[in-house]
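Hello,

The structure we discussed is below. Please load it before reading on, as the notes follow it residue by residue.

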Amino acid sequence: MTAPATESAGEQGWVRLHPLTPLLRGGRFGLLLLALAGQQGLRNSPPEAMAAVLGAGVPAGLFVGWLSWRAMRYRVTATELQVESGVVTKRSRRVPLARVQAVDVVRPLYARVLGLAELRLEVVGAGDAEAPLSFLADDRARLLRTQLLDLAAGREAAVEGASGPEPDRVLVRVPTGPLVWSTLLGPPVVTLMAFTLALLATLLAAPSMTGGVLFAALPLLFGVGSFAVRRVLAEYGFTVAQSPDGLRLRHGLLDTRSQTIPPGRVQAMRLREPLLWRRFGWVRVEVDVAGYSGGEEQSASGALLPVAPRQLAQDLMAHVLGGPLPVPDRRVPAAARWRTPLQFGRLAVGLDDRHVVATSGVVTTTTDVAPLAKVQSLRVTQGPYERRLGLASLHVDTAGRQLPGAVLRHRSSGEAAALLEELTVRARVARERAPRT
């Protein structure tokens with residue numbers, strides 16, 4: 001089923017959202033009414049009362065949705081996106097396109113049925129998506145995304161009636177099998193193993209309490225299972241593609257999301273290799289983009305590639321960061337064995353003129369990558385035990401929200417001071433050479 005009509009430009013370039021928007025917004029109100037009708041007090045009421053609530057509530061919801069649709073409109077100028085909304089209280093928002101970090105096209109399941117989509121802008125300094133436009137016709141949303149990204153990058157914008165955005169070049173598509181198995185080989189398997197051990201210990205020590213342990217563990221098992229299902233649904237069909245606007249990520253089974261990361265906006269990256277994945281050679285790549293919230297699920301995930309062979313993941317990271325990464329071959333001094341004996345063999349640092357790389361971790365091996373052109377600050381820390389061992393840690397901070405940049409842990413005090421001087425110079429040179437974004 002497709003939408004019966006598209007948005008039309010009004011006076012002075014103002015455009016309204018899709019005419020079916022009131023139906024979707026009224027539908028949300030209808031769900032609220034159904035939840036209200038399910039309450040005990042209303043279920044015990046006469047059928048006439050139930051009919052009166054639904055008969056008056058549904059038209060009222062649609063009318064409120066229509067008023068909201070009539071009051072909301074937007075237009076794009078050469079420098080900003082302007083949005084006006086509000087029925088009782090009028091609101092007028094101006095979003096400077098120069099501050100746009102990313103533009104997402106989100107298609108919830110109920111909107112996909114009608115061929116509609118929501119456009120969300122991620123702006124520097126905003127906590128959530130700025131001025132979301134819900135809902136637009138799907139092709140209109142994609143064209144508007146291209147227009148906004150073109151204007152934000154200083155390019156000539158696409159125009160109405162154009163044939164549409166240029167096709168993407170697919171770089172990686174994650175198969176469903178490895179996605180499902182890698183998700184199961186995470187918290188679900190770890191939780192199940194811990195639960196089995198606890199159950200066996202209870203059977204041996206106090207068999208009469210076995211039923212209580214099983215009952216108490218049900219919420220935990222349900223929560224872990226729910227997490228695994230939501231992750232698979234959110235990352236299903238994960239595709240990384242190169243578009244003229246930047247790197248494009250598409251994923252989702254029920255609700256689909258198409259995210260665009262413009263060039264030069266990546267603040268930090270992380271490669272994770274959990275213990276149970278090492279036999280299969282799988283790793284996970286996460287990315288941090290300045291000012292990007294991406295909603296609750298995306299903030300919690302931050303995946304650039306949910307699962308992939310190591311070499312493929314490293315090639316993608318090199319593609320995104322514009323060059324191969326340095327090999328982390330600078331090991332920590334022997335004294336670090338006393339500070340962190342389990343991590344001692346994994347702590348290493350690598351750097352070149354563009355990036356600094358640091359590895360760490362015990363159960364999950366982590367490789368943090370910070371582009372030197374994105375470094376916001378450098379600082380050396382030294383706790384009491386580190387000071388006694390003659391060690392210090394160097395923190396490379398970027399503007400990302402989810403990833404810390406890189407931490408060069410437990411170097412000798414002299415090496416940490418030398419690295420601070422070296423990275424200060426390299427970061428300044430990298431910023432001077434980096435193209436303006």
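Is His-410 buried or exposed? His-410 is buried, with a relative accessible area of 7%. Please keep in mind throughout that this is a predicted model.

**Backbone**

His-410 deserves a second look for its backbone too. Its phi is positive, at about 55°, although His-410 is not a glycine. The residue sits in strand E21, which covers residues 406–412.

There is also a cis peptide bond to check. It joins Ser-134 and Phe-135. The omega angle there is about 15°. Phe-135 belongs to strand E7, residues 130–137.

**Salt bridges**

The model has 20 salt bridges. Here are some of them.

Start with Arg-257 and Asp-104. Their closest N and O atoms are 2.7 Å apart. Arg-257 lies in strand E11 (residues 256–261) and Asp-104 in strand E5 (residues 100–107), so this salt bridge ties together parts that are 153 residues apart in sequence. Both Arg-257 and Asp-104 are buried.

Next come Arg-142 and Asp-138. In this salt bridge the closest N and O atoms are 3.1 Å apart. Arg-142 and Asp-138 are both in helix H5 (residues 138–152). They are four residues apart, so about one helical turn separates them. How do the two partners fare for exposure? Arg-142 has 25% relative accessibility and therefore counts as partly exposed. Asp-138 has 17% relative accessibility, so Asp-138 counts as buried. The cut-off for buried is under 20%.

Arg-248 and Asp-245 also form a salt bridge, at 2.8 Å from N to O. Arg-248 is buried, with a relative accessible area of 3%. Asp-245 is buried as well, with a relative accessible area of 5%.

One network is also present. Arg-73, Glu-80, Glu-84 and Arg-94 are joined by salt bridges that share partners.

**Largest pocket**

How much space lies in the largest pocket? The value is about 780 Å³. A total of 26 residues line this pocket. Nearest its centre are Gly-264, Arg-354, Lys-374, Ala-434 and Pro-435. Three elements give two or more residues each to the lining: strand E10 (246–251), helix H10 (310–321) and helix H13 (413–433).

What is the make-up of the lining of the largest pocket? Twelve of its residues are nonpolar. Seven are polar and seven are charged.

**Nonpolar surface patch**

Which residues form a nonpolar patch on the surface? They are Val-190, Leu-275, Leu-276, Leu-342, Val-362 and Val-363. Together these residues have about 530 Å² of accessible area.

Leu-342 is one of the patch residues. Its place is the loop between helix H11 (336–339) and strand E16 (348–351). Leu-342 is exposed, with a relative accessible area of 68%. The cut-off for exposed is over 50%, so Leu-342 falls on that side.

**Pairs apart in sequence**

Three C-alpha distances may be handy when you check the fold.

Val-103 is in strand E5. Val-103 is buried, and its relative accessible area is 0%. Along the chain, Val-103 and Val-123 are 20 residues apart. Their C-alpha atoms are separated by 8.9 Å.

Thr-365 lies in strand E18. At 11% relative accessibility, Thr-365 is buried. Thr-365 and Arg-278 are 87 residues apart in sequence. Their C-alpha atoms are 9.7 Å apart in space.

Thr-366 is in strand E18 too, which spans residues 365–371. Thr-366 has 10% relative accessibility and counts as buried. Thr-366 and Leu-347 are 19 residues apart in sequence. From C-alpha to C-alpha, Thr-366 and Leu-347 are 9.7 Å apart.

**To recap**

The backbone entries are the positive phi at His-410 and the cis bond between Ser-134 and Phe-135. The salt bridge of Arg-257 and Asp-104 has both partners buried. The largest pocket holds about 780 Å³ of space. The nonpolar patch has about 530 Å² of accessible area.

Over to you.

Best wishes

Terms used
Residues are numbered from 1 along each chain as its sequence is written. This is a predicted model: local features need pLDDT of at least 70, side-chain atom pairs count only at pLDDT 80 or more; totals for chains, interfaces and linings use all residues. Side-chain values use heavy atoms; hydrogens and water are left out. A salt bridge is a side-chain nitrogen of Lys or Arg within 4 Å of a carboxyl oxygen of Asp or Glu. Buried means under 20% relative accessible area, exposed over 50%, partly exposed in between (1.4 Å probe, protein chains only). Patches are made of residues with over 30% relative accessible area and no salt bridge: like charges are joined within 9 Å, nonpolar side chains (Val, Leu, Ile, Met, Phe, Trp, Tyr) within 5 Å. Accessible areas come from the Shrake-Rupley method with a 1.4 Å probe; for residues, only the protein chains shown count as cover. On a 1 Å grid over the protein atoms alone, a cavity is a set of points where a 1.4 Å probe fits but cannot get out, and a pocket is an open set with protein on both sides within 12 Å along at least five of seven lines; lining residues have an atom within 4 Å of a point. Grid points are joined across faces, edges and corners, and a volume is the space filled by probe spheres set on the points. Ala, Val, Leu, Ile, Met, Phe, Trp, Tyr, Cys and Pro count as nonpolar, Asp, Glu, Lys and Arg as charged, and the others, Gly among them, as polar.
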